[in-house]
Amino acid sequence: MQGGNLIYAIIILLVISWLMFLAVVVIAYRGRHQSRQELRRSRSRERLERDRVLTLVNNLTDAIISMDAHGIIGLYNAAALSLLDTNASIQGVHIDELLNFETNDKQPVPVFKELRKSPAIRTRDDIIMPLEGGDRVRLSATFAPVQGGSDTLTSDGYVLILRDITRVKSLEEERDEFISVISHELRTPITIAEASLSNVQLMMHRGMTDKLDDSLAEAHKQIMFLARIVNDLSTLSRAERGIADESELINVTELAEKLRHEYEPQATEKKLAFNLDVRAGVGNVNVSRLYLEELLQNFITNAIKYTQKGSVTLIMKRSAGKVYFGVKDTGIGIGRSDQKKIFDRFFRAEDYRTRETSGTGLGLYVAAKLARKLGCTIKLESRLNHGSTFSFSLPPAKPAKKR
């Protein structure tokens, strides 16, 4: 009986041991299964975050190129391919084989050397990337080493960020040139006006009142010249900022009468005839009144200024389904070589007769800007000593719909 109990106890122990072994196996299996699930979830989260980062990077307008510690490209975004004008993969290419940079004075800029130069992030905006055909792109380049850890200055890789600043730099240079030239243009009339008024003050102090007229007339002339510069700059500023872009219905015949009333006295003072050639049924236009009037006023004042005898004619008519506006004079005319540059900023013809009259060289530049705002192009017809005609055409206003 005791032997039977012993065997029974051994069997029970074996069963318990087997059950414990099975429990351990099940627990181990479940743990391993959970670990695998957690690993899959972790990898899925990692892929999701990576895709999010890639989506974000690919939507940046700046070109971004990531490299390893040896300068071999690993990652890049769509803007980088756009800057390089290619659809081919650049992965695995050394950065120096891909980019050919130089400075403004055409000194080479080895990119990988620049990346390794300092452990700190640095930015340069004097980088030029030459293109085929002789074009050059101006870039702002940020060189960013990726540090291996807080306890070392060794870089695990590098990130290069490139931004196209060609337009920005061009605008800055234009602004600086504009300020320089306009400062020069303002200095002369201010100096002459100041000297003329000083003479007036001196002559009044000495009782020489009979000689004041010439000095006052010269001072007034220079102040009016300054007023024209300020008016041109104001008009240019409004056009650049889009002020007064709103269109309105303009009766062309009424506009012609208004301009004749305003400028006929100036023409008469120079013994010039001011003629209107406005055809019947010319109708209306729907554009910015300020821009249209400024444009025509510019042509009329130039015509009066550069015409010594004869006439100035304001023409408005229907032509080829559009409303034609023109200002024709019998003045000194414009040579062929100058006609190509007449709308450039601050340009004045070399003709001595042009140089004898005061002018800023801004008028026709502003006129061209206003014409673009109105959606038209200025046409110039001119011959030396045979006068000039400046013209443009606008679509007629659509008739109002009947209710």
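How many of the 12 residues of helix α11 are buried? In this predicted model, 10 of the 12 are, so α11 is largely enclosed by the rest of the structure. The mean pLDDT of the protein is 80, with 77% of its residues at 70 or more. The points below cover helix α11, the sheet that contains strands β13 and β14, and a segment of low confidence.

**Helix α11**

- The buried residues of α11 are G363, L364, Y365, V366, A367, A368, K369, L370, A371 and L374; buried here denotes under 20% relative accessible area.
- Helix α11 covers residues 363-374, and at 1.5 Å a residue its expected span is 16 Å; the end C-alpha atoms are 16 Å apart, so the model agrees with this expectation.
- G375, which comes just after α11, adopts a positive phi of about 80°.

**The five-stranded sheet**

- Five strands make up an open sheet with mixed pairing, in the order β9-β11-β12-β14-β13.
- Strands β9 (273-278) and β13 are the edges, each pairing on one side only.
- From one strand to the next, the twist averages 15°.
- Helix α7 (residues 252-269) lies across β9, β11 (311-319) and β12 (322-329). Relative to β9, α7 runs at about 170°.

**The β13-β14 hairpin**

- Strands β13 (residues 379-382) and β14 (residues 388-394) pair in the antiparallel sense over four bridges.
- Five residues separate the two strands of this hairpin, and N385 in the turn has a positive phi of about 70°.
- Two bridge partners of β13 residues in β14 can be named: S391 for K379, and T389 for E381.
- In a regular strand, side chains alternate between the two faces of the sheet. Strand β13 shows such alternation: L380 and S382 point to one face and are buried, whereas K379 and E381 point to the other and are not buried.
- K379 and E381 thus share a face of β13, with bridge partners S391 and T389 respectively.

**Confidence**

- Over residues 351-356, pLDDT stays under 50.
- For residues 351-356 the model has 11 contacts beyond four places in sequence.

Terms used
Residues are numbered from 1 along each chain as its sequence is written. Side-chain values use heavy atoms; hydrogens and water are left out. Buried means under 20% relative accessible area, exposed over 50%, partly exposed in between (1.4 Å probe, protein chains only). Two strands pair if DSSP finds at least two bridges between them. The expected span of a helix is 1.5 Å times one less than its number of residues. Axes are lines fitted to C-alpha atoms, for helices over the stretch in contact, and angles run from 0 to 180 degrees between N-to-C directions. Contact means heavy atoms within 4.5 Å. pLDDT is the predictor's confidence in each residue, from 0 to 100.
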